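Let's take a friendly walk through this chain, from the overall picture down to single residues. Keep the structure open beside you as you read.

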Amino acid sequence: MAARGLGLLTSLPLRARRSQVQRPLCRLLSCPGTVAAAVGREEQSSGRAETGSEDRTPKKRFSEVQKERREQAQRTVLIHCPNKISEKKFLKYLSQHGSINNHFFYESFGLYAVVEFSQKESVASLQNVTRTPSLGTEAAIPFRSRYFNLKLKTPLNQTSEQSSIRCRNQSSPSSKKLFELLCCAESVDDQLNTLLREFELTEENTKLRYLTCSLIEDVAAAYFPDCTVRPFGSSVNSFGKLGCDLDMFLDLDEIEKFSTHKVSGNFLMEFQVKNVPSERIATQKILSVVGECLDHFGPGCVGVQKILNARCPLVRFSHQASGFQCDLTTNNRIALKSSELLYMYGALDSRVRALVFSIRCWARAHSLTSSIPGAWITNFSLTVMVIFFLQRRSPPILPTLDYLKTLADAEDKCIIEGHNCTFVRDFNRIKPSGNSETLELLLKEFFEYFGNFAFNKNSINIRQGREQNKPESSPLHIQNPFETSLNISKNVSQSQLQKFVDLARESAWILHQEDKDRLSPSNNQPWGLAALLLPSVANSMSLAKKKKKPASERIKNLLESIKSESTENSTATNG
C-alpha cells in the first residue's frame with residue numbers, strides 16, 4: 001500500500017512552448033543522519049592533510065570513479081516534489097519499489113529530490129506505476145524518463161514534519177562572506193584551504209552532475225543504443241567550483257567495442273550504415289539529431305542551441321531542474337584524458353587544488369578570466385601554469401608528464417587520433433614528493449615566478465617541466481599536454497598577458513610586505529589572500545598609468561620601507 005497522502009507520480013510533461021533559459025540559485029536540503037549527509041561530511045573532511053604530509057588514504061583511479069558514479073546515476077531518479085512534503089512518508093512510498101541507498105533534497109525552481117536505489121530494477125518498477133499527466137488544453141509527449149513529478153492526493157495538514165528537511169547552500173559564498181572567512185583564518189595556508197572548502201563541488205552536486213548526464217544519455221539512446229554520455233572538464237577533474245558549467249560528450253566508441261569479438265569461420269557480419277564524406281560531417285549530423293531530441297523530448301532541457309560550425313561542434317542547453325548550463329559534444333576522448341590527467345595531479349598532493357582554486361579566484365577577482373570567450377586567460381591555462389610551477393620547485397612537488405609516461409605499463413597505453421596520451425594511472429607507482437613548502441610560500445613564489453617569466457621567448461610545457469623556446473609568436477604559449485602542436489592559450493592578447501604580469505608582481509609585493517612587517521591579522525582588515533582579492537590592487541596600477549605619475553604608490557611605499565628598515569638596522573648596530 002502506498003503511504004497516505006502520496007501516490008500521484010507522473011512523468012514530467014513536455015510542453016510545446018519554450019521556457020526561457022534561467023540559471024537558478026540552488027540550495028541543498030539534506031537531513032542529518034542520512035547517507036548523503038554522512039558521505040558529504042566524509043568527502044569534506046578528506047583531502048585536507050597538512051601541507052607536505054602524505055595522504056595515506058588509498059586513491060581510486062579516474063576510470064574507477066567514473067564507473068562507480070555512472071552506475072550510481074543509473075540507479076537514481078530525479079523527482080520534482082511539492083513544497084510541503086513529509087520526508088518520512090515520501091521515502092516510505094518510494095521504498096515499495098526497492099531499498100534506497102541515499103537521497104537528498106535541493107531547491108531549483110521548486111523542491112527536488114535525488115533518490116538512489118540499491119538496484120536498477122527499482123527504477124523500472126517506479127516507471128511502471130507512473131502515469132503520463134493530463135494537461136487539459138495542452139498535449140503531453142509521452143516520454144518515459146527518470147525525471148518525475150510528484151503530486152499529493154490530499155494536502156498535508158501537519159507542517160511540523162517539515163523540520164526534518166534542513167536547508168544548506170549549494171552555491172559559492174558571496175564576496176562579503178568570503179572576505180569574512182578569509183580574514184578570520186589563522187594563517188595564509190588556512191585561508192587557501194578555507195577558500196577550497198567553500199568553492200569545491202560537494203558530494204551531492206557531483207552526484208547531480210552524473211545524474212544529469214545519465215538523463216541525457218536516456219534521450220540519446222533512443223537513436224544510439226548502448227551509447228554513453230560522460231562528463232568531462234571541471235565536473236570531474238577535481239578543480240570544478242560550485243556553479244561551473246557541465247561539459248559532457250556523447251561516446252559512441254563504446255558501441256563499436258561491443259561488436260569487436262573473435263569471428264569463427266569465413267563469415268564477417270557488419271551493420272548496414274549511412275556514409276558521409278567526413279567524420280566532422282558525421283559529428284554534425286549526430287549532434288543535430290540529438291539536439292532536436294533534447295529540444296522536443298528532453299524534460300527540463302530548455303534554450304537548446306546547435307552550434308555545429310564551431311571547431312568542436314556542440315549542443316548547448318540549460319537543464320532547468322539541476323540548474324546546470326550544459327555543453328554536449330561527441331567522441332571528445334582527448335578532453336576526457338586531459339580531465340584524467342588533472343584529476344591525478346590534484347590527487348597527488350593536498351596543496352595542488354588549494355593553490356589552483358586560489359589562483360583562479362584571484363584571476364576572477366581582477367577580471368583576468370571571463371565566462372565570455374575572448375582574449376582572456378582561461379581557467380585551464382591557469383591550472384596548467386600552476387602545475388608547471390609546482391614541477392619547477394626543488395624538489396618538485398609534481399612529476400612531469402613524460403615521467404608519468406615512463407611509469408606506465410601496457411594497460412596504460414593510450415593512443416587517441418594519433419596522439420600519445422599514455423601515462424601511469426596507478427597512484428601506488430608514483431612516489432610522493434619530499435617537498436614540504438607551505439602554501440603561503442608557494443603562493444608568493446608563484447606570483448614572483450610568473451611576474452618575471454620570459455613570456456616573450458619561452459613557452460610552458462608540463463610534459464618536460466621546463467621552459468622551451470616559443471614555436472610561434474603568440475604572446476602566451478602553453479603547450480597542449482597531448483596535442484603538442486596546439487597552444488591552449490593562443491587566444492590571449494598581449495594586453496591581457498601584461499595585465500596578468502603586472503598583477504602578479506603587485507601581489508608578490510603585497511605578500512612580501514606582509515611577510516616583512518609580520519603584522520598580526522585583524523578581524524576586520526583584509527590580509528594575506530583577502531588583500532590580494534581587493535579590486536583596488538588592480539585599479540591602483542591602471543590609475544597610476546592614466547595619471548602618468550613619476551612613480552606608483554607601491555614603489556613609494558617600498559622605498560619608504562627600505563629607508564625605515566635601514567634606519568632600524570643602523571640604530572640596532574649603534575646600540
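## The chain as a whole

A residue counts as buried when its relative accessible area is under 20%, and as exposed when that value is over 50%. By that yardstick, 49% of the chain's 575 residues are buried. Please keep in mind that this is a predicted model.

The chain's secondary structure comprises 18 helices and 16 strands. If you take the contacts between residues at least 6 apart in sequence, 72% of them join residues at least 24 apart. The accessible surface of the chain is about 29,100 Å², and carbon and sulfur atoms account for 50% of that area.

## Two nonpolar cores

In soluble globular proteins, nonpolar side chains tend to be buried together. Here the largest nonpolar core has 83 residues, and the members that touch the most others are L355, W362, L443, F447, F450, F455 and F500. To see how one of them is surrounded, pick F450: beyond its neighbours up to four places away in sequence, F450 touches M385, F388, F389, F455, I460, F500 and V501. A second core, separate from that one, has 34 residues, with Y112, L208, L215 and L328 among them.

## Strand β3 and its two partners

Strand β3 spans residues 76-81, and 5 of its 6 residues are buried, so the strand is mostly covered. Which strands pair with β3? One is β5 (residues 111-117), which runs antiparallel to β3 and is joined to it over 6 bridges. Within that pairing, V77 has V115 of β5 as its bridge partner.

The other is β6 (residues 147-151), which pairs with β3 in the parallel sense over 3 bridges. Here H80 stands opposite N149 of β6.

## The β10–β11 hairpin

Further along the chain, β10 (residues 301-307) and β11 (residues 314-319) make an antiparallel pair with 5 bridges. The two strands form a hairpin, with 6 residues between β10 and β11. For a handy landmark, look at C301, whose bridge partner in β11 is H319.

## Helix α4, a helix with two sides

Helix α4 covers residues 120-128, and its buried residues are S122, V123, L126 and Q127. Viewed down the axis of α4, these buried residues fall within an arc of 140°, so they line one face of the helix. An α-helix has 3.6 residues a turn, so residues three or four places apart point the same way. On the face of α4 turned away from the buried side sit the exposed residues E121 and N128.

S122 is worth a closer look within α4. Its relative accessible area is 4%, and because that is under 20%, S122 counts as buried. Leaving aside residues up to four places away in sequence, S122 touches H97, G98 and F117.

## A buried serine in a loop

Now turn to S474, which is located in the loop between β16 (468-469) and α15 (494-517). Is S474 buried or exposed? With a relative accessible area of 9%, S474 is buried. Its side chain makes a polar contact of 2.4 Å with the side chain of E472. Apart from residues up to four places away in sequence, S474 touches N487 and K490.

## Backbone exceptions

Most residues other than glycine have a negative phi, and most peptide bonds are trans. Where does this model have a cis peptide bond? One joins S394 and P395, with omega at about -5°. P395 belongs to the loop between α12 (379-391) and α13 (401-406).

Positive phi values deserve a look too. D226 is not a glycine, yet its phi is positive at about 70°. D226 sits in the loop between α7 (203-220) and β8 (228-232), and it is exposed, with a relative accessible area of 51%.

S367, likewise a residue other than glycine, has a positive phi near 60°. You will find S367 in the loop between α11 (350-365) and α12. S367 is partly exposed, with a relative accessible area of 41%.

Notes:
Residues are numbered from 1 along each chain as its sequence is written. This is a predicted model: local features need pLDDT of at least 70, side-chain atom pairs count only at pLDDT 80 or more; totals for chains, interfaces and linings use all residues. Side-chain values use heavy atoms; hydrogens and water are left out. A nonpolar core is a set of buried Ala, Val, Leu, Ile, Met, Phe, Trp, Tyr and Cys residues joined through side-chain atoms within 4.5 Å. Buried means under 20% relative accessible area, exposed over 50%, partly exposed in between (1.4 Å probe, protein chains only). Contact means heavy atoms within 4.5 Å. Helices (H or I, at least four residues) and strands (E, at least two) are DSSP runs, numbered from the N terminus. The arc is that of the directions from the helix axis to the C-beta atoms. Two strands pair if DSSP finds at least two bridges between them. Accessible areas come from the Shrake-Rupley method with a 1.4 Å probe; for residues, only the protein chains shown count as cover. A polar contact is a pair of N or O atoms within 3.5 Å; within protein, one must be able to donate a hydrogen and the other to accept it, and residues adjacent in sequence count only if both atoms are side-chain atoms.
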